[in-house]
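Visitor: I have a model open here and would like to talk it through. Can you walk me around?
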Amino acid sequence: MSARCLDSVWPLVLLVMMVGGQEVIAGGPTGDAAHGTRSYDDYERPQVCRSCHDDLFQQWSQSMMSQAFTHDWDEIEYFQLAVPHAEKDEVVAGVKHGCNGCHAPTAFLAGDTPPQRPDKNTRANESVHCDHCHTITGFEGDVPYNFNWVTKPGRVKQGPKPGLVSPHHDTVENEFLRTGDFCGTCHNEMSPYGVWVKSTHLEWKEGPYFAQGVQCQDCHMPKAPGRSAKMGEEGMIAQHLFHGAHDPGKLNGAIEMRMNPLEREIPYDAAAVIKVQLFNGKCGHKVPSGSVEDRIMWLHVTATDSQGKTWHLRVDPKGFEGEKYTIAADALAYQDMGIARDDPDFEGVQRDGVGMEEMDIGDRIFRMPYFDPQGRMTIQQWNTKSLGVDYRIGPRETKVETFTWELPDEIAEGRVTVQAALNYQRLVKPVADFLDVPEEESRIQVINTATTWFEVYE
Ligand code: HEC
Ligand code: HEC
Ligand code: HEC
Ligand code: HEC
Ligand code: HEC
């Protein structure tokens, strides 16, 4: 944490001590130690805030954070995989409580874990809610991760502005809420094996946006003129959009893509060489980020000759270590889903989903594979002991892919049109199908397309 935060944030509300160069905030237990240290009654319901903050309430209620406990895929992964796994394996036993530290923080603090299922409509369903975020005063340690926020529930609400007056509560300006570190307390996760299995904040912190002072809030909570409360002052208000991979508009064009041949005129018995440039000009972190174990983004390239015949092109391997995980193949993976399901010999499901119309063997996949203690690829981030090659696209990074294509004998003379589609899927399809996750989680979104051409001559 920067010295800047130290100077201006804490003195008002907190006691900050320096111990051996490390900050320790006297504010009660954080992370795992905070389990069961509060009650539900310590926190107000979002419906209470709604009466005055109606606009922000409606924005938040459309965001994923208001559904962090209730949304189908979360319910399935927590109750069908994580909880049964935690009961069988001591190393990961803590996740039975720990998942809730970020997904249903009030249930976690109240010690109500595992919470009842969402259909029981308990207060766990409030997920990441208003009064949770607005009573966070800071975090403990050097790096925000694994819900190490400090919570101080009560009448005082932490906010970004000084001197605001409300009939319902007191307010205090807390610069921490304007920093990416605030988000990092939940958007960095370390597995029980000590591996960074979620690192959106760390990716941002080592990238160009942090260096230029651009915070998470600047892209996910943009400021617009208006009022934050019905009876509030006009001003620039932080919109509570929190739009990410579930928002088609946010994903759209997240990566820009162009494509060109090395030569425009190619003899029929030679090879065409096509270059594709992929530029991350929109994201403050890598793409994909967050739930990287679930997500894939891939490049699918086809060529169509003057007679309308179409071929699929395979990417040229670059030869780096672990590259095979970044080229679509008909391989099996995710065998460790068998642990929770009492099926130790589970053979796994298809790794990438080849066979879909949009994906063929040889497509380039931008991803980072996660491995379980047995070295098998996993989507269970809590069961992750090591990470494979990181072949995602970093903030403002450009990756170039090459496709060398020996022209087939049957190709017709004349213009060949080359088309590229960059596809994105939040949850690899074979896993979604296997666990009966609603279709919408494995829906394919085209992030961008590009096209180019060359001429074939006799
Ligand atoms: C994930 C955490 C989080 C949740 C959930 C959340 N907020 Fe906020 N809120 C913030 C942050 C961070 C800011 C400051 C953003 C900034 O200024 O850059 C903020 C700002 C505000 C502001 C001041 C806006 C301004 O710019 O003047 C109000 C009022 C507010 N939130 C109310 C609410 C209400 C009401 C809810 C629930 C409907 C809610 N918040 C949910 C994190 C959260
Ligand atoms: C009775 C109305 C009312 C209710 C209920 C209410 N607020 Fe407010 N709140 C206000 C008003 C008024 C302001 C000041 C707005 C202004 O002056 O622009 C405010 C300001 C805020 C701010 C901004 C503080 C800052 O420093 O920027 C936050 C954060 C906030 N409220 C959170 C909450 C939360 C969380 C809840 C629910 C637990 C809640 N409010 C319930 C009326 C209310
Ligand atoms: C208390 C923990 C917590 C804090 C603090 C928090 N988040 Fe989240 N956030 C979550 C969880 C959990 C999810 C996953 C929701 C789900 O289950 O899909 C999430 C989801 C999101 C998403 C949606 C991603 C998608 O797949 O669409 C965005 C965007 C996001 N958060 C941004 C932020 C930003 C920006 C901040 C800081 C201002 C922040 N979050 C602070 C816990 C948190
Ligand atoms: C320069 C703008 C920018 C900044 C800064 C930024 N983001 Fe994002 N973020 C985006 C865009 C665009 C997307 C959509 C593309 C995607 O999902 O990968 C996104 C996606 C996300 C997602 C969904 C990722 C996924 O694959 O599920 C989360 C979560 C998120 N951001 C959180 C954060 C947090 C936390 C920070 C700060 C540590 C942050 N973002 C900083 C622009 C930004
Ligand atoms: C340190 C905080 C943290 C912990 C602990 C945590 N999560 Fe999450 N989880 C998040 C955040 C933040 C996201 C959103 C990332 C993104 O959008 O890519 C998320 C996303 C998810 C998603 C994907 C939602 C989607 O929209 O695709 C699932 C499922 C999930 N978590 C389940 C779990 C389970 C099960 C556990 C316990 C084993 C757990 N999480 C532990 C913070 C956490």
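Visitor: Which helices each supply at least two residues of the shell around ligand 5?
Guide: This is a predicted model, to say that early. The helices are α4, α5 and α8 (180–187).

Visitor: And which one gives the most to the shell around ligand 5?
Guide: That is α5, with six residues.

Visitor: Which residues come nearest to ligand 5?
Guide: Cys99, Cys102, Glu189, Gly290 and Ser291, out of 24 residues around ligand 5.

Visitor: What does the shell around ligand 5 look like by class?
Guide: Eleven residues are nonpolar, eight are polar and five are charged.

Visitor: Which domains does the shell around ligand 5 draw on?
Guide: Domain 1 (3–238) and domain 2 (252–457), with at least three residues from each.

Visitor: Let's stay with the domains. How far apart are the C-alpha centres of domain 1 and domain 2?
Guide: The two centres lie 34 Å apart.

Visitor: How many residues are in contact between domain 1 and domain 2?
Guide: Domain 1 puts in 28 residues, and they touch 26 residues of domain 2.

Visitor: On the side of domain 1 that touches domain 2, which elements give two or more residues?
Guide: α4 (72–88), β8 (196–199), α9 (200–205), α10 (208–211) and α11 (216–220). Of these, α4 gives the most, with nine residues.

Visitor: What is the class split on that side of domain 1?
Guide: It divides into 17 nonpolar, five polar and six charged residues.

Visitor: Back to α4. How do the axes of α4 and α5 sit?
Guide: They come within 9 Å and cross at roughly 150°. α4 is therefore roughly antiparallel to α5, as angles over 145 degrees count that way.

Visitor: Which residues make the contact of α4 with α5?
Guide: From α4, Asp74, Tyr78, Ala82, Val83 and Ala86. From α5, Val95, Lys96, Cys99 and His103. By class, the contact has six nonpolar residues, one polar and two charged. Cys99 appears here, and Cys99 is also among the residues that come nearest to ligand 5.

Visitor: New topic, ligand 2. Which residues are closest to ligand 2?
Guide: Cys49, Cys52, Gly159, Ser166 and Gly232. In total, 25 residues surround ligand 2.

Visitor: Which elements give two or more residues to the shell around ligand 2?
Guide: Two helices, α2 (46–50) and α7 (130–133), and two strands, β5 (156–159) and β6 (170–173).

Visitor: And the classes in the shell around ligand 2?
Guide: Nine nonpolar, ten polar and six charged residues.

How values were computed: Residues are numbered from 1 along each chain as its sequence is written. Chains are lettered from A and ligands numbered from 1 in the order in which they are written. This is a predicted model: local features need pLDDT of at least 70, side-chain atom pairs count only at pLDDT 80 or more; totals for chains, interfaces and linings use all residues. A residue is near a molecule or strand if its C-beta atom, placed from the backbone, lies within 6 Å of it. Helices (H or I, at least four residues) and strands (E, at least two) are DSSP runs, numbered from the N terminus. Ala, Val, Leu, Ile, Met, Phe, Trp, Tyr, Cys and Pro count as nonpolar, Asp, Glu, Lys and Arg as charged, and the others, Gly among them, as polar. Domain bounds come from an automatic or database domain assignment. Two residues are in contact if their C-beta atoms, placed from the backbone, lie within 7 Å. Axes are lines fitted to C-alpha atoms, for helices over the stretch in contact, and angles run from 0 to 180 degrees between N-to-C directions. Angles under 35 degrees count as roughly parallel, over 145 as roughly antiparallel, 65 to 115 as roughly perpendicular and the rest as oblique.
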